[in-house]
2 protein chains.
Amino acid sequence: MSLKRRQLLLGSTLALGACSAADGDGARRFRWTMVTAWPAGFAGLGTAAQRLADRIGAASGGRLRVDVHGGGELVGPFDVFDAVSRGTAQMGHSAAHFWQAKSAAAPFFGTVPFGLNAQESAAWLEHGGLALWQELYARFDLVPFAVGNTGVQLAGWFNREILGVDDLRGLRMRIPGLGGDVLARLGATPVNVPGAGMYSALESGALDACEWMGPFNDLALGLFRVAKYCYYPGWQEPGSTIECLIHRPAWLALPADLRAIVEACCAAEQAQLLADYTARNATALRTLVEDHRVELRRLPDSVLQALRATTATVLDALVAHDPFARRVYDAQCAFRDAARAWHAVSEVPYYQASA
Amino acid sequence: MSLKRRQLLLGSTLALGACSAADGDGARRFRWTMVTAWPAGFAGLGTAAQRLADRIGAASGGRLRVDVHGGGELVGPFDVFDAVSRGTAQMGHSAAHFWQAKSAAAPFFGTVPFGLNAQESAAWLEHGGLALWQELYARFDLVPFAVGNTGVQLAGWFNREILGVDDLRGLRMRIPGLGGDVLARLGATPVNVPGAGMYSALESGALDACEWMGPFNDLALGLFRVAKYCYYPGWQEPGSTIECLIHRPAWLALPADLRAIVEACCAAEQAQLLADYTARNATALRTLVEDHRVELRRLPDSVLQALRATTATVLDALVAHDPFARRVYDAQCAFRDAARAWHAVSEVPYYQASA
């Protein structure tokens, strides 16, 4: 048992209490614990969690100190939601599509297959989505903030050529969540393998394919060494919103200026994380193609069409028995249609004209 | 002469001084003046300037108060740069492509024809661009921050059909800056008409065409009533970064926590402004098409190709005698090429697959 985990179990106030003490100048000081769904220092998401904590500390002049713990240190990566909901930690850094078991509506605030891209997600949250997210998470004593987006991912790394829908049949692929549900309906076998085990599972043939993040994080894992083809685009996770969770009583205990600081620092991450991923994915893609001669392949239209049609079935089934989830899904679809019509005369033709 | 302008000329410290007073609790308090390049309350950009000021006020618990003045109140819209450079105001809200006369490098930090879109601009600034921008503006005693992006604009409103490059010849169009330079080389006549005068100039036939912003701001001006065609995409301004300028001595006088607050609040605007424009442009486009039966037309490929080739000539000429501007242009091009290669396997095929 790690020292940190022992502190947790002993209920150490040093590590976990929302300490509040008056300083010499009379200002109340707070010390929060942040638990994250990523390993400590994980490039991209782990470093973003630390940057958020650092920013809050600097902007508050040390009045709100946030101690960051990687997934597995205090609580497991997939226990972040419960830990912050219960107040074991005051803050969490994770993604809403991990919490489908809590609510069928949750994935729509993270990412769903064929859902919103980064620009559309941020716009939807500002214009209707955040209010729905707050309504959902209030049930769990949580206040949610969006703290960035990882952009469109890759479809994944494959040792089987995908020429048509038939090639998905029997495919053993590491692909979690709703993307896995979609593939399963098309005859594939989603396999649950942690990130650290993907390399050897691909190498040994235990897996035929896997999806992880994008060029930046995938390059670091060396997946290109054990997979023949790299497929795009990432239909399964087209724009993952990263979330900052706050335990509601801890939030309400903050004075107004510290609440405004937390809100601004979370909002600051919105553009910065996407900027990081855009720049780093661009650099990593070049390395993959030029240095490692990775063969990039677009999924065939027939496959993308089948994935999209099946996604509609999966999402309809997901929200079928949950009126709130249905409302969220419908709101997101309506927004997507309007945003897509605008992007069809702005972003899309601009990419084409300047390619 | 307005009361505000008189205060300026009299050097009223109330309106303009970076007042600093110690409060009862010993914390120093600051009061700044922000001048903007937009009319007070101008939907989108003017409201964003006010939101930035409000956010800073709230996050600092009133220790840094920023009073916002619309363009023309204290100084003219195009005097913002000079006013903040001289310290007449501590803060400005504008766009770097307005300041081409100060430096040939400036437009690259705002927008240039066929340049970076919003996602690419934010990424470039985080990964190299901001350092160059800071280097340039330091010459003018200014500290720059990016505070949002308006996204790809429309190409404009036309009363002449554009079927080929020949149709640009003799076209009298309101299109400022480098976009106007490009059109002039193709035989058009860029005309300088302020925003408020565009409607009547189109109506009377004094103008054949004009470009303004995008559906949201253009709908408010009613341009669709006096123009036959709405062309896209906005090759001339594909992703305008909005800037917050700070007078360097005022910046250095702030304690570290207030500097961190200003930085976080500026960064918060980065995603929020784009989110606003994305959502509002989407809604306004629907109104234009469904309620006002606006005819949307894509510029023909031959025209876009000519505009792009001519843009390269114009930008090369712009930086030809300014080694720093050349360095900025080259850095931006290198980044664009890498980002475009990544977006060619992520954003672009995702838009196609989910259209």
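**How the two chains meet, and two strand pairings in chain A**

In this predicted model, the two copies meet through the same surface, because 100% of the interface residues of chain A are also interface residues in chain B. The geometry of the pair can be put just as plainly: chain A is superposed on chain B by a rotation of 180° with 0.0 Å of shift along its axis, at an RMSD of 0.0 Å. This is the relation of a two-fold axis. For a reader who would like to find that axis in the structure, A:Ala268 is a handy landmark, since among the residues of chain A its C-alpha comes closest to the rotation axis, at 2.0 Å.

Within chain A, an open sheet is built from six strands with mixed pairing, and their order is S8-S7-S9-S6-S10-S12. Strand S8 (189-190) and strand S12 (295-298) of chain A form the edges, each pairing on one side only. Inside this order, strand S6 (residues 156-158) and strand S10 (residues 229-232) of chain A are paired in the antiparallel sense over three bridges. One residue pair to look for here is A:Phe158 with its bridge partner A:Tyr229 in S10(A).

Another pairing in chain A involves strand S5 (residues 142-149). This strand is mostly covered, with eight of its eight residues buried. Strand S5(A) runs antiparallel to strand S11 (residues 241-247) of chain A, and six bridges join the two. To trace this pairing on the model, one may start from A:Val143, whose bridge partner in S11(A) is A:Ile246. In a regular strand, side chains alternate between the two faces of the sheet.

Terms used: Residues numbered from 1 in each chain as written. Chains lettered and ligands numbered in written order. Predicted model: local features only at pLDDT ≥ 70, side-chain atom pairs only at ≥ 80, totals over all residues. Heavy atoms only, no water. Buried < 20%, exposed > 50% of the residue type's maximum accessible area, 1.4 Å probe, protein only. Helix = DSSP H or I, 4+ residues; strand = E, 2+ residues; numbered from the N terminus. Pairing = 2+ DSSP bridges. Least-squares fit on C-alpha atoms with pLDDT ≥ 70 in both. Contact = heavy atoms within 4.5 Å.
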